[in-house]
Amino acid sequence: MRIRPVGRHALLLDCDDPAQVERWWAELWRRREAGELTAAEIVPAAGTVLLDGVPDPESTAARIARWTPGPAVAATGVTTVEVPTVYDGEDLPRVAEHWRSTVPEVVHRLANTEFRVAFCGFAPGFAYLTGLPPRYAVPRLPTPRPRVPAGSVALAGPYAGIYPSASPGGWLLVGRTTLTLFDVSADPPATLTPGTRVRLVTG
Amino acid sequence: MTGRPAEQGTVGAIEVRRAGPRTTVQDLGRPGWAHLGVPRSGALDPAALALANRLVGNQADAAGLELTLGGCELRLTRAGTVAVTGADVDVRVDRRPGDVGRPLTVPAGAVLRIGTPRHGLRNWLAVDGGIAVAPVLGSRSTDTLAGLGPPPVRDGDLLPLGRPAGPPAPVDFTVGRPVPDELWLTLRPGPRADWFTAGAMALLLGTAYTVSPVSDRVGARLVGAALPRAVAGELPSEGVVLGAVQVPADGQPLIFLADHPTTGGYPLIGVVDDVAGLAQARPGTTVRFHGPQR
């Protein structure tokens, strides 16, 4: 792990792999809860954890360098969310082609994978789900769709994701859910928070 | 007339007779939710909004209006104290001229008109009691990227006002931030400066850029020398900050402002210390960067 300065008030922890991202995010969250770290934001991503709103990044970086990240689990507690999914996405044949497989096999694989929320981004409540083997990575559409409906379950790169609200998008559509993924009156407002285990169950 | 969901205990309202080209409700934003993909949002120049609030006796984080190119005509349904900060602009209470940066007394039913700024782009308007639309995740700011908070202000809106908290500040005059013809920004390299050639940093620090007309609350897009990459390929998504200078595939830098996304897939060559000046940078404004030590 390498710590990179980001402007006057932020630090980027550049991690060696996604597992280390998960451990560092959990560790930093714990330390903040314990009052050992001041940061307005702790933002995990594909290979990094960003700390923003850090009053003294230099001394904070020196302290972090002496910490060892513990297990990932304790941060916000691990929960599993079942997302009832109707597998009727129009890009299923395209995914099957990329996987050198069949549509029923693609659906079976997706419905039986334990996903994990690696990070959120793109839109409030949009979770990047990991859990598929690397060989199942798929490219985005060459031209994004102008409007993808809310609740669309989709794949891009190594990730699965669910659109919390309608938006333009280039991910390959495999299904849909009616589960609410972002609700400003809920605590937390996102259903799929970093570290959450997710199953895209047939339903 | 369109009502907005309001909190209990609102006192009077702003009747929007003319919203102007781009007016939104803003406070100091909704920090603390970036890990769920929620942008910070908030006033593009938080100090200018806080000053307007102080002038009318509000807490610094009360919600006010952010005007882009002015053009607003507002009627207060109750008597109130109002302050306008930001760009140099013509302000009138009915026919009476008022000053930017001073508390103005507005009788019930009077019409407040804010013209088009002579220089710069934006103004912040505070009313005693603050704008009391319902907060979303702790903030009343309109997030133009994620669509959180109230929608942009439209003609005919009725914006509820809160109960005045304290007396207006005993000030005669405040000094506004001047709008320079050429904006100098302090740039700190990183976190992905190593994705660019040494020549790219020299171009960024040594040549002039201009603000593009497609700039908005998400970011100030710049036009100038394209910044060549040393590392090809896609950067896996990572967290971004206010003032980050992102360089998309076309090599033209973009400086992230308040409604910036929480993560991005293009490398950040550096981070600007203070973006408030960009809130006043009209399209065509010259922008130059210098390092932390001048």
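Let me start inside chain B, where 18 residues of domain 1 are in contact with 16 residues of domain 2. Before going on, please keep in mind that this is a predicted model. The two domains of chain B run from 2 to 160 for domain 1 and from 182 to 290 for domain 2. Their C-alpha centres lie 29 Å apart. On the domain 1 side of that contact in chain B, the residues divide into eight nonpolar, six polar and four charged.

Now to chain A, which is also divided in two: domain 1 covers 2-65 and domain 2 covers 80-199. Here the C-alpha centres are 27 Å apart. Seven residues from domain 1 of chain A and six residues from domain 2 of chain A make the contact. On the domain 1 side, the largest share is four residues, and these come from helix α1 of chain A, residues 18-33. By class, that side of domain 1 of chain A has six nonpolar residues, no polar ones and one charged.

How many residues of chain B are in contact with chain A? The count is 25 residues of chain B against 32 residues of chain A. The chain B side of this interface has 13 nonpolar, nine polar and three charged residues.

Next, the barrel in chain B. Seven strands close into it, in the order β13-β20-β17-β18-β15-β14-β21, and the pairing is mixed. From one strand to the next, the twist averages 40°. Helix α2 of chain B, residues 198-206, packs on the sheet and touches β13 (182-189), β20 and β21 (286-290) of chain B. The direction of helix α2 makes about 125° with that of β21(B).

To take one strand pair from the barrel order, look at β17 and β20 of chain B. Strand β17 spans residues 244-246 and strand β20 spans residues 268-272; they pair in the antiparallel sense over three bridges. One detail there is that B:Gln246 has B:Leu268 in β20(B) as its bridge partner.

Moving to the interior. The largest nonpolar core holds 142 residues, and the members that touch the most others are A:Val49, B:Ala52 and B:Ala126. Take B:Ala52. Leaving aside neighbours within four places in sequence, B:Ala52 is in contact with B:Gly64, B:Ala83, B:Val84, B:Thr85, B:Trp124, B:Leu125 and B:Ala126.

A:Val49 comes up again with A:Leu13, a residue in strand β2 of chain A, residues 10-14. Is A:Leu13 buried or exposed? A:Leu13 counts as buried, because there are 25 C-beta neighbours inside 10 Å. Not counting residues up to four places away in sequence, A:Leu13 touches A:Met1, A:Ile3, A:Trp24, A:Thr48 and A:Val49. A:Ile3 is 10 residues from A:Leu13 along the chain, and their C-alpha atoms are separated by 4.6 Å.

The last residue on my list is B:Asp61, in the loop between α1 (46-55) and β4 (64-68) of chain B. B:Asp61 is partly exposed, because 18 other C-beta atoms lie within 10 Å, and a buried residue would need 20 or more. Beyond residues up to four places away in sequence, B:Asp61 touches B:Asp27 and B:Leu28. As for B:Gly176, that residue is 115 residues from B:Asp61 along the chain, with 19 Å between the two C-alpha atoms.

That is the end of my list.

Key: Residues are numbered from 1 along each chain as its sequence is written. Chains are lettered from A and ligands numbered from 1 in the order in which they are written. This is a predicted model: local features need pLDDT of at least 70, side-chain atom pairs count only at pLDDT 80 or more; totals for chains, interfaces and linings use all residues. Two residues are in contact if their C-beta atoms, placed from the backbone, lie within 7 Å. Ala, Val, Leu, Ile, Met, Phe, Trp, Tyr, Cys and Pro count as nonpolar, Asp, Glu, Lys and Arg as charged, and the others, Gly among them, as polar. Two strands pair if DSSP finds at least two bridges between them. Helices (H or I, at least four residues) and strands (E, at least two) are DSSP runs, numbered from the N terminus. Axes are lines fitted to C-alpha atoms, for helices over the stretch in contact, and angles run from 0 to 180 degrees between N-to-C directions. Domain bounds come from an automatic or database domain assignment. A nonpolar core is a set of buried Ala, Val, Leu, Ile, Met, Phe, Trp, Tyr and Cys residues joined through C-beta atoms within 7 Å. A residue is buried if 20 or more other C-beta atoms lie within 10 Å of its own, exposed if 12 or fewer, and partly exposed in between; C-beta atoms are placed from the backbone.
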